Amino acid sequence: MNTLINIVVQGVLLGALYGLFAMGQSLVFGVMRLTNTAHGDFIVLLVFVLFALTSFVRLPLAVALVLLLVIAFAAGYGLQYAILNRVSSRDPLPSLIVTFGLSIVIQNVLQQVFSADPRSIATGSFESRSITLAGGITLGYLPLVTLVATVALAFAMQWLFGRTPLGRAFRATSDDREIVQLMGVSYRRTYALAMGIAFVLIAVAAALYSMRTAVSPTDGPALLLSSFEAVIIGGMGSFWGTFVGGMALGIAQQVGFYFDPGWGIWLGHVAFLGVLVARPQGLLPKTA
Amino acid sequence: MTMQLNQRPAGFEVRRATRASRVAVIVLLIVALTVASAPWWAGRDAMRDFVQLASYLVFALMWNLLAGYGGMVSIGQQAFFGIGGYAMLILANYCGISPFVAVPIAAVIATVVAIPVSMVAFRLEGGYFAIGTWVIAEAFRLTVANVSVLGGGSGTSLIALQDVPRALRESLTLWLALAIVASAIGLLYLFLRSKAGLALTAMRDNAVAASSQGVDVKRARLIVYLVSACGTALAGGLYFVGNLRISPDAAFSVNWTAFGIFIVMIGGLGTLEGPMVGALIFFVLNRFLSDFGTWYLIGLGALAIVVTMFFPQGLWGFVSRRYGLQLFPVGRRVVFRDAGPSEQASHHDASTDSVETSSAPHRA
């Protein structure tokens, strides 16, 4: 029984990280209908930016984190405005190929600059601290912080989309990017803002992820697949769905890891394919 | 319909061949004969190069069929490449079938596997389909990596060929490669020229409109997916007969699709000539620049981005538009004959704004 509870608890904590990875992708899917195949590589890229800021520039971690968020927003805004806006259309092919090309470029530039060694961000000994609950279940502080961050960001994004003028512009642009121009909304600028915000989400994910584990330049595709699975399992169009999708994926992987370390990721993929067959709209599809 | 038009004594005819296409057929036959005789004049490296080039080319042709004609962009074709390789190896190592016979059987197996896979993958569309197919390929990779009989993550060797003399093995591999390339190009050409091919092109340009004209879009998509899986598995089986060693990371590597995409985009999406031009370019680049490692891959990625953004029709698309050249004309041209004395001139005029059903690189 304790084993089962432990699997679920650790799965939820792992799933919080996947949910965080996926939220940026969910935003990009939702607003631009853009399939960003470089999503995972952007996470890895920001991990290495943070690593460069703390290890090469030797900034204190707190300063580096704030700076990372600013850099991320600017990078996302610039990327969408300069490159991706040119290829986002109803035809998925150009944007797929451009982001796929970006993915290869990012991986190899990072290998060239930082070598293929995995890197992590030192946090003192915070990453290894934990509390032990009754029954011998341990909860790491860092995974708990990740869970809190994911919940907080899911609330924030839901609020941003539902309650603010910017969120209204996002939803309207997603529905019809030609018509919104008649209301004085530039879809190019809206897309760039959405990508900027997606990059801020990615930066938070990158920071928490790099404190938890060592990241190597070629880890991007695996992160992309996990976030994609979380988005689809949860159901597109709702950040809570993405959150739940991340949890489901995390639990499935933990169950796999329990039986054999080689089958963890595999069981995550199989769970995703199972949901796709049994419930293609996802667990929590947007009803409106 | 074409038949009716041809029989009618009206002032026009429907042309399907061009002068360039007749020349191309002859040139290709000469190339095929040259390659077939390679064991008597070429070195071992050259023969091995051809087998590799053939694998890349067939992979790219099949990716092009899927994306450029079927409108389905997949990042998971390496699934069938790997299945082709592993099925060939299992048949050869454990069932005692000659690897050269096992390659086509493996392709049939991959096609059968593709049926349930398509049911899952077709739940997704557009970009979601692309990443979904990648997940499926990863699931296959991890499955094979966890099967210890097949060597697990570190892979295994094709031992069935160890008693065959090296020269004979290399010649047979070369002929197998030639046969696969020739049948892939030939069958694709015939398929795209057929009524089904016309339906496919119509579907790619506008699925809703094609459907309203009686094209069974779902069925056409499935057939394209299965044919593409079959061809990709042939490429995979061939590659690992030439390579003699297989591992899950090599067989199910996403790089196969990355290279396939690069070849097709550089050469020209939605044409038969494009992947051939692209494969040659890629092969030359790979040969001379792959020593640069990361810089080489950065260059390939950047080139793919630039081409997609600024030259979406690719190199062949550019040449074909600029010079009106078609080596594998899959379209139908209406040529008017009743122009009297200046017949030659009107030929030209009519065919420039002729009724073309092929053409236009994939755009929506």
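The following dialogue examines a predicted model of two chains, A and B.

Student: On what conventions do the values for this model rest?
Tutor: Residues are numbered from 1 along each chain as its sequence is written, and chains are lettered from A and ligands numbered from 1 in the order in which they are written. As the model is predicted, local features need pLDDT of at least 70 and side-chain atom pairs count only at pLDDT 80 or more, while totals for chains, interfaces and linings use all residues.

Student: How many residues of α4(A) are buried?
Tutor: Helices are DSSP runs of H or I with at least four residues, strands are runs of E with at least two, and both are numbered from the N terminus. Helix α4 of chain A covers residues 92–114 and reaches 33 Å from its first C-alpha to its last, close to the 33 Å expected (1.5 Å times one less than the number of residues). A residue is buried if 20 or more other C-beta atoms, placed from the backbone, lie within 10 Å of its own, exposed if 12 or fewer, and partly exposed in between. α4(A) is largely enclosed by the rest of the structure, because the buried residues number 18 of 23.

Student: Which helix supplies the largest share of the side of chain A that touches chain B?
Tutor: Contact here requires C-beta atoms, placed from the backbone, within 7 Å, and 37 residues of chain A meet 36 residues of chain B in this way. Helices α3 (61–87), α4, α8 (220–234) and α10 (264–278) of chain A each give at least two residues to that side. The largest share, 15 residues, comes from α4(A).

Student: Which class of residue, nonpolar, polar or charged, has 25 members on that side of chain A?
Tutor: Ala, Val, Leu, Ile, Met, Phe, Trp, Tyr, Cys and Pro count as nonpolar, Asp, Glu, Lys and Arg as charged, and the others, Gly among them, as polar. Eight residues of the side of chain A that touches chain B are polar and four are charged, while 25 are nonpolar.

Student: Is A:Ser115 buried or exposed?
Tutor: A:Ser115 follows just after α4(A), in the loop between α4 and β1 (130–132) of chain A. Its phi is positive, about 65°, although the residue is not a glycine. Since A:Ser115 has 11 C-beta neighbours inside 10 Å, it counts as exposed.

Student: What is the phi of A:Arg33?
Tutor: A:Arg33 lies in the loop between α1 (2–32) and α2 (39–56) of chain A. With 16 C-beta neighbours inside 10 Å, A:Arg33 is partly exposed. Most residues other than glycine have a negative phi. For A:Arg33 the value is positive, near 55°.

Student: Which helix gives the most to the largest nonpolar core?
Tutor: A nonpolar core is a set of buried Ala, Val, Leu, Ile, Met, Phe, Trp, Tyr and Cys residues joined through C-beta atoms within 7 Å. The largest has 200 residues, and those with the most contacts inside it include A:Ile43, A:Ala194 and B:Ala110. The greatest contribution to this core, 19 residues, is that of helix α7 (residues 187–212) of chain A.

Student: How many other C-beta atoms lie within 10 Å of that of B:Gln78?
Tutor: B:Gln78 belongs to helix α5 (residues 78–95) of chain B. Beyond residues up to four places away in sequence, B:Gln78 touches B:Ala137, B:Phe252, B:Ser253, B:Val254, B:Trp256 and B:Thr257. B:Gln78 is buried, and the number of other C-beta atoms within 10 Å is 29.

How values were computed: Two residues are in contact if their C-beta atoms, placed from the backbone, lie within 7 Å.
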